[in-house]
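Subject: Structure handover

Hi,

Here is the structure I promised to pass on to you. Have a look through it first, and my notes on it follow below.

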Amino acid sequence: MNAIKETHYNFPGQTAFYKGKVRDVYTIADKYLAMVVTDRISAFDVVLPEPIPFKGQVLNQIAAKFLSATADIVPNWVINVPDPSVTIGRICEPFKVEMVIRGYLAGHAAREYALGKRQVCGVSLPEGLKENDKLPEPIITPTTKAAVGHDEDISREEILKQGIVTEADYVQLENYTRQLFKRGTEIAAAQGLILVDTKYEFGKVGDTIYLIDEIHTPDSSRYFYSEGYEQRQASGEAQKQLSKEFVRKWLIENGFQGKDGQNVPVMTADIIQSISNRYIELYEQITGEKFIKPQAQDVVVRVENAINKAIAEL
């Protein structure tokens, strides 16, 4: 199958290379980033052995669509999307916080609430909520990157006290976060979806704040289906989610949760195809657009040619 497992390019003006779990990022002239969203897939903090055709394209095109659809709210890092799996953008100095915003009591916040906590990241929550209930209003629950291990919850007060972000900048980040979430909620609703929670990352060039990384993808956001939401809440049923949870479910059913001594189950051609099909379904559900598969060709060569052309035009 013609998928991008890894890349080993050497571009004109290239000054650095970073390989993430799913992204290969090339630094050009210390000013620009050429980000290849590969078809690698991770679960339980493990990169699975086989790539998933079109997965990178799905994530890159969803992010590109929503970055474009929110550019009137906040400028973003994107300069060009020269290929379905590639974004070229400006290098920004990232803020060392992720702006997580929640409209519903789900995921981490629900787990904290179930333990009896009525504050998340310094934000108070009312009594009497059930998992997946809509919150009285969206709450911002930032995280900061830990030196080692997972991201850590942090309050607005602690961010300012530690000087991680200046107060003027943080007020602006909160303002952008709320506006972006409102827009994302409206776009989701038009597709029969509920944007439950998501995260935004920001950076700065000079005095200008930019929205960076991906937004509103199924890897960075949680979605519920609108139809039947109220009935499921009333009856205590689990909500129907739009996410990559199906991949984790398949792994768990086959004895893998990323623990020592466990082996990733064999990814047959049928399994790979089924995961690819589900990602395409995610794309079409979130965007309301038909997914277009590029004409058959060597995808790794296609990406290289597209980036070389885009660099020449910078």
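Let me start with helix α8 (residues 299-312), which lies across β2 (23-28), β3, β6 and β7 and runs at about 140° to β6. Before going on, please note that this is a predicted model, in which local features need pLDDT of at least 70 and side-chain atom pairs count only at pLDDT 80 or more, while totals for chains, interfaces and linings use all residues. Residues are numbered from 1 along each chain as its sequence is written, and side-chain values use heavy atoms, with hydrogens and water left out.

A few conventions will help. Helices (H or I, at least four residues) and strands (E, at least two) are DSSP runs, numbered from the N terminus. Axes are lines fitted to C-alpha atoms, for helices over the stretch in contact, and angles run from 0 to 180 degrees between N-to-C directions. Contact stands for heavy atoms within 4.5 Å.

The sheet under α8

The strands belong to an open sheet of five, in the order β1-β2-β3-β7-β6, with antiparallel pairing (two strands pair if DSSP finds at least two bridges between them). β1 (14-19) and β6 (78-83) are at the edges with a single partner strand each, so one side of each has no neighbour in the sheet. From one strand to the next, the twist averages 20°.

At one edge, β1 and β2 are antiparallel and share five bridges, and a hairpin of three residues connects them. Gln 14 sits opposite Ile 28 in β2. At the other edge, β6 and β7 (residues 86-90) run antiparallel and are joined by three bridges, with Asn 80 opposite Ile 88 in β7.

Helices α1 and α7

Helix α1 (residues 55-69) also lies across β3 (32-37), β6 and β7, at about 145° to β6. Its axis and that of helix α7 (residues 269-287) come within 9 Å and cross at roughly 15°. That makes α1 roughly parallel to α7, a label for angles under 35 degrees (over 145 is roughly antiparallel, 65 to 115 roughly perpendicular and the rest oblique). Residues making this contact include Val 58, Ile 62 and Phe 66 of α1 and Tyr 279, Ile 280 and Tyr 283 of α7.

Is Ile 280 buried or exposed? At 11% relative accessibility, Ile 280 counts as buried (buried is under 20% relative accessible area, exposed over 50% and partly exposed in between, with a 1.4 Å probe and protein chains only). Not counting residues up to four places away in sequence, Ile 280 touches Phe 54, Val 58, Phe 291 and Lys 293.

Helices α4 and α3

Helix α4 (residues 167-190) has 24 residues and should span 34 Å at 1.5 Å a residue; its end C-alpha atoms are 35 Å apart, which agrees. The expected span is 1.5 Å times one less than the number of residues. Among the buried residues of α4 are Tyr 170, Leu 173, Leu 180 and Phe 181. The elements covering the buried residues include β9 (97-104), β12 (134-140), α3 (156-161) and β15 (193-205). Just after α4, Gly 192 has a positive phi of about 75°.

Ile 159 is in helix α3 and is buried, with a relative accessible area of 0%. Beyond its neighbours within four places in sequence, Ile 159 is in contact with residues including Val 97, Pro 142 and Tyr 170.

Happy exploring!
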